[in-house]
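Please study the sequence and the structure shown below before attempting the exercises. Each exercise is followed by a worked solution.

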Amino acid sequence: MDITAPRGTNDILPDEVGLWQHVEELVRNAAERAGYREIRTPIFEHTELFERGVGEATDIVEKEMYTFTDRGDRSITLRPEGTAPVVRALVERGLASMSQPAKVYYLGPMFRYERPQAGRYRQFHQFGLEVIGAPSPAADAEVIAVPLEVFRSLGIQDVIVNINSIGCPACRPAYRKLLQETYRPVLGKLCPSCVSRYDRNPLRLLDCKSEACRRALPEPPMILDILCPECRSHFDEVRRLLDGLNVEYAINPRLVRGLDYYTRTTFEYNVGGIGSQDAIGGGGRYDGLVEEVGGPPTPAVGVACGLERCVLAMRAMTGGEEYDAPIDIYFVALGEAAREKAFELAFDMRSCGISADFDMLDRGMKAQMRYAGKAGSRFVAIIGDNELAVESVMLKRMATGDQELVRQSEVAERILEARGGAAK
Ligand SMILES: [Zn+2]
Ligand SMILES: [Zn+2]
């Protein structure tokens, strides 16, 4: 029997993981520079959290969740997104008594049963920022702008920021009605899910992916034209703040996002050169969510970005540099006694903070040297009978080929010196 990885999953092998760690580090740096602290929530939650917090009339809840009954007969779902769990955690751990706004970020795997294609997986990774407890347009503008710093530092250029406002409970009902009036004449030509959403959530018709619906649906009325004065001025202020940061954006009236809890600002980042899955992230304001999952009424705004797509975009634009972490020193040992010494010395090095490795396969000198070269070793220490006799190693600097006899007790010092010199 051949056992292979489940469809839509991806192995990140050691050769690629350096790149991933690099991306993750840039995310952490950008988030922490902006005052966000990391939060880690479980991979699985009660299904009800996502039904309430993502919304039952959404693609995610209707057809994409990994849901199962556990041995205790509970309905459990692998998290399809990060916001609902973050809000659940903060509410449960006493959001009301925390200093606000709570600014948190997360980084980790999410799970959706979708048709896999380039940049789209069933287990994928996201980073996200959430600002909970801030009604201010500054919070919206900040969560839009911080990921742009990440994209920039990754070398991802020409990111298009699309923004829109979808109003609030005061002004959205009028828009829903207008939308229903616009779409009523074409109802017969729409896909079954649009028909079923027509009453429950007509905004969702705007982002239906079916070709037939895209052709049949007339241009939607502009929601921006019927925003209430509060929503209008909120939107204008977000735009002013983005202008002040020289963020280029486009207003996209079709941008409603698939999630029920969004209010006011919605946004998405698109980037060229990575195929049809060109959205690398997005988010919006979700003033209704905290209450939906049992907390006090609390305004909030957040963003989530796909790491696979960031990596794809980065590779497309920079060619994908290597981010291997080379080791400091590799011990090449000849003979039984030398092998034992190499083993001990490798551990001595590690306890001094030096990365060190040694041969485990009793190979000949040539094969050991080749392995050290592939591992990107900065130094090689050769130990044979002659070196053992004088408690030394032949230390070779790989970049220059220079070598000299160094006492075993002084190797660590020599490596640390060389590293300090390189840092200067
Ligand atoms: Zn409004
Ligand atoms: Zn449709």
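**Exercise 1.** Determine which residue of strand 8 stands opposite Val161.

*Solution.* Val161 faces Tyr249 in strand 8. The model is a predicted one, in which local features need pLDDT of at least 70 and side-chain atom pairs count only at pLDDT 80 or more, while totals for chains, interfaces and linings use all residues. Residues are numbered from 1 along each chain as its sequence is written, and chains are lettered from A and ligands numbered from 1 in the order in which they are written.

Next, consider the pairing. Strand 7 and strand 8 (residues 249–251) run parallel and are joined by 3 bridges. Strands here are DSSP runs of E of at least two residues, and helices are runs of H or I of at least four, numbered from the N terminus; two strands pair if DSSP finds at least two bridges between them.

Then turn to strand 9 (residues 263–270), which pairs with strand 7 (residues 160–165) in the antiparallel sense over 6 bridges. There, Val161 stands opposite Tyr269.

**Exercise 2.** Establish which residues of helix 9 are buried and which are exposed.

*Solution.* First, check the length of the helix. The expected span is 1.5 Å times one less than the number of residues. For the 16 residues of helix 9 (residues 229–244) this gives 22 Å, and the end C-alpha atoms are 22 Å apart, which agrees.

Second, apply the burial criterion: a residue is buried if 20 or more other C-beta atoms lie within 10 Å of its own, exposed if 12 or fewer, and partly exposed in between, with C-beta atoms placed from the backbone. Cys231, His234, Phe235, Val238 and Leu242 are buried in helix 9. They cover an arc of only 95 degrees around the axis, so they lie on the same side of helix 9; the arc is that of the directions from the helix axis to the C-beta atoms. On the other side of helix 9, Pro229, Ser233, Arg240, Asp243 and Gly244 are exposed.

Third, note that Asn246, which follows helix 9, has a positive phi, near 60 degrees.

**Exercise 3.** Identify the edge strands of the open sheet of 5 strands.

*Solution.* The strand order is 13-12-14-15-16, with mixed pairing. Strand 13 (356–358) and strand 16 (403–407) stand at the edges; each has a single partner strand, so one side of each is left without a neighbour in the sheet.

Finally, examine one pairing. Strand 15 (residues 392–397) runs antiparallel to strand 16, with 5 bridges between them, and Leu395 stands opposite Glu404 in strand 16.
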